[in-house]
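Open the model in your viewer and keep the selection panel at hand. Here is a short tour, stop by stop.

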Amino acid sequence: MSERTLAQQLGDFAAATGYDDLPQDVVDSVRKRVLDTLGIAVAASTLETSRAARSWASYQGGRPVASAVGVPERLPAALAAFVNGVLAHSLDYDDTHLPSVLHPSATVVPAALAAAERHGADGRELVRATAIGLEVCVRLGMAGYDEAAKNSTFFEHGQHATSICGAMGGAVAATVLAGGDADAVVDALGVAASMASGIIEANRTGGTVKRMHCGWAAHAAVSAAELVEHGFTGPPTVLEGRFGFYQAWLHGQYDAAAVTDGLGTDWAVPGIFVKPYPANHFTHAAVDAAGRLREAGIGPDDVERLVLGVPAPNLRTIGEPIDVKRAPETGYMAQFSGPYAVAVGLLGGSGLGAGVDDYTDELARDPERRAIMAKVDVVPDQRCTDIFPRQFPAVLTAHLTDGREVVHEVLTTRGGPERPLSFEELTAKFDANASRVLEAADAAALAEACRTLETCTDLSAVLAPLTRVDAGAMRDNEKGDRP
């Protein structure tokens with residue numbers, strides 16, 4: 001057993017891992033995640049919460065060193081990270097690690113980009129820091145995964161593991177980009193732990209605060225790294241200590257081996273699932289299964305009844321109460337509806353099979369979609385339950401008007417290691433998102449820069465077009481110095 005604390009072992013890992021030590025699949029994964037995160041942020045730029053985030057950040061003032069989507073002027077690094085993190089998490093379109101159910105990139109990528117700009121880092125340094133930060137984030141989250149319960153202990157306590165662990169991983173990434181050594185990483189973890197936060201009650205009873213979580217985590221990450229640069233320190237036992245991270249959040253119930261086993265050799269980063277569709281991840285297999293019906297020539301009029309089998313733990317999220325899930329009133333509610341996912345797949349969606357334009361308030365109330373949803377029952381399926389949560393499977397049984405029964409099983413989740421999205425598919429997702437508000441030439445240039453991210457020598461120039469996103473609308477709505 002190592003005499004080094006968990007934080008010290010993470011610090012050793014960060015300091016010892018150079019760009020040339022990264023496996024090629026890790027480098028490829030980081031490229032994709034930067035492209036994906038930026039595209040989602042651009043697509044979210046027109047939301048009212050996005051405008052609120054930009055307005056607040058611009059109001060704060062400070063040294064202009066980093067770029068934020070839709071903000072013409074440069075911002076302090078922590079505030080740029082805040083804006084980009086808010087936007088990256090606002091559409092429920094960001095990537096997911098299973099079984100921890102973390103969304104790592106929405107915090108780590110904005111934090112790393114902001115720190116990279118502040119320190120004048122190049123693409124190789126950005127890729128290295130992002131990979132290390134994502135790995136730390138996932139490992140801290142996996143330490144809180146309860147194998148017996150098949151659930152995250154963070155979530156059982158009402159805590160948003162994404163923002164809590166994201167602040168820690170982002171702080172490591174930002175510290176690496178600042179040139180910090182192993183001790184600086186330990187200090188950054190110790191400082192960030194006092195900033196990490198996130199309560200998920202909004203998932204139950206409403207409010208837009210969840211959209212802020214990854215932005216605040218990215219802000220905390222960059223702030224922690226900068227505070228360490230200025231002389232603050234943290235406890236080396238910040239993770240496992242009597243009054244440390246895991247005691248405070250998980251009441252001491254955690255798996256230390258998940259943090260350190262295989263550290264530096266067994267990378268979790270390539271296994272993070274990328275979302276092809278802008279909806280709750282539990283619904284994705286339903287889109288795919290219904291899409292297979294459509295591809296077989298089966299349309300809504302051919303269907304008498306549809307039974308969507310899902311893992312039992314997913315039922316309360318996408319199938320209950322069934323009357324509400326069959327009749328969502330808003331696009332946001334539709335993102336969490338199994339019956340709506342079936343309707344999207346059966347009718348055919350945009351992008352990679354379902355895009356942002358398929359989840360609008362108008363379509364949620366569309367009579368044709370409501371008619372399909374009325375035919376859908378959502379039930380627990382034992383085989384799906386056995387596979388969950390390392391996959392989010394579904395089995396769709398269609399009872400047709402001609403008396404036939406057709407079954408489509410989707411037991412692996414698209415965008416995961418078993419069914420990865422290629423860079424070309426990720427570029428198609430990016431284009432569908434970015435084209436909403438970004439000039440085609442700018443979108444193409446950004447996608448190409450991410451494809452060869454490690455060769456980039458001027459990150460600020462690459463990100464400059466993003467500062468013009470929705471700039472006119474932002475100025476119209478955010479005039480005046482007001483909080």
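How much space lies in the largest cavity? About 60 Å³. This is a predicted model, and the tour begins inside it.

**Stop 1: the cavities**

Four cavities of 30 Å³ or more are counted in the structure. For the largest cavity, select the lining: Leu38, Ala66, Ser67, Ala68, Val69, Ala80, Asn84, Leu113, Ala114, Glu117, Leu463 and Leu466. Now color by element. Helix 4 (77-89) and helix 5 are the elements that give two or more residues to this lining. Helix 5 contributes the most, with three residues.

**Stop 2: the sheet**

Next, select strands 3, 4, 5 and 6. These four strands form an open sheet. Their order is 4-3-5-6, and the pairing is mixed. Which strands sit at the edges? They are strand 4 (376-380) and strand 6 (405-410), and each pairs on one side only. Look along the sheet to see the twist, which averages 20° from one strand to the next.

Zoom in on strand 3 (residues 303-310) and strand 5 (residues 394-400). The two pair in the antiparallel sense, over six bridges. For a landmark, pick glycine 309: valine 395 in strand 5 stands opposite.

**Stop 3: helices across the sheet**

Add helix 14 (residues 284-295) to the selection. Helix 14 lies across strand 3, strand 5 and strand 6. Its direction is about 140° to strand 6.

Then add helix 18 (residues 338-347). Helix 18 lies across strand 3, strand 4 and strand 5. Against strand 3, helix 18 runs at about 120°.

**Stop 4: salt bridges**

Hide the sheet and show charged side chains. A search of the whole structure finds 24 salt bridges. Three of these pairs and one network make up the rest of the tour.

Start with arginine 51 and glutamate 48. Their closest N and O atoms are 3.0 Å apart. Both residues lie in helix 3 (residues 48-60), three residues apart, or about one turn of the helix. Is arginine 51 buried or exposed? Arginine 51 counts as buried because its relative accessible area is 13%, under the 20% cut-off. Glutamate 48 is exposed, at 58% relative accessibility.

Move to glutamate 226 and arginine 118. This salt bridge has its closest N and O atoms 3.7 Å apart. The pair links distant parts of the chain, with the two positions 108 residues apart. Glutamate 226 belongs to helix 11 (residues 210-229), and arginine 118 to helix 5 (residues 105-119). Helix 5 also appeared at the first stop, where it lines the largest cavity. Glutamate 226 is partly exposed at 22% relative accessibility. Arginine 118 is partly exposed as well, with a relative accessible area of 29%.

Now select glutamate 424 and arginine 451. Their side chains meet in a salt bridge, 3.2 Å from N to O. This pair, too, links distant parts of the chain, 27 residues apart. Glutamate 424 is in helix 22 (residues 423-434), and arginine 451 is in helix 23 (residues 440-451). Arginine 451 has a relative accessible area of 31%, so it counts as partly exposed.

Which residues form one network? Select Asp28, Arg31 and Glu454 to see them: salt bridges that share partners join these residues. The tour ends here.

How values were computed
Residues numbered from 1 in each chain as written. Predicted model: local features only at pLDDT ≥ 70, side-chain atom pairs only at ≥ 80, totals over all residues. Heavy atoms only, no water. Pairing = 2+ DSSP bridges. Axes fitted to C-alpha atoms, helices over the stretch in contact; angles between N-to-C directions. Contact = heavy atoms within 4.5 Å. Salt bridge = Lys/Arg side-chain N within 4 Å of Asp/Glu carboxyl O. Buried < 20%, exposed > 50% of the residue type's maximum accessible area, 1.4 Å probe, protein only. 1 Å grid on protein atoms, 1.4 Å probe; cavity = no way out; pocket = protein on both sides within 12 Å on 5 of 7 lines; lining within 4 Å. Points joined across faces, edges and corners; volume = space filled by probe spheres on them.
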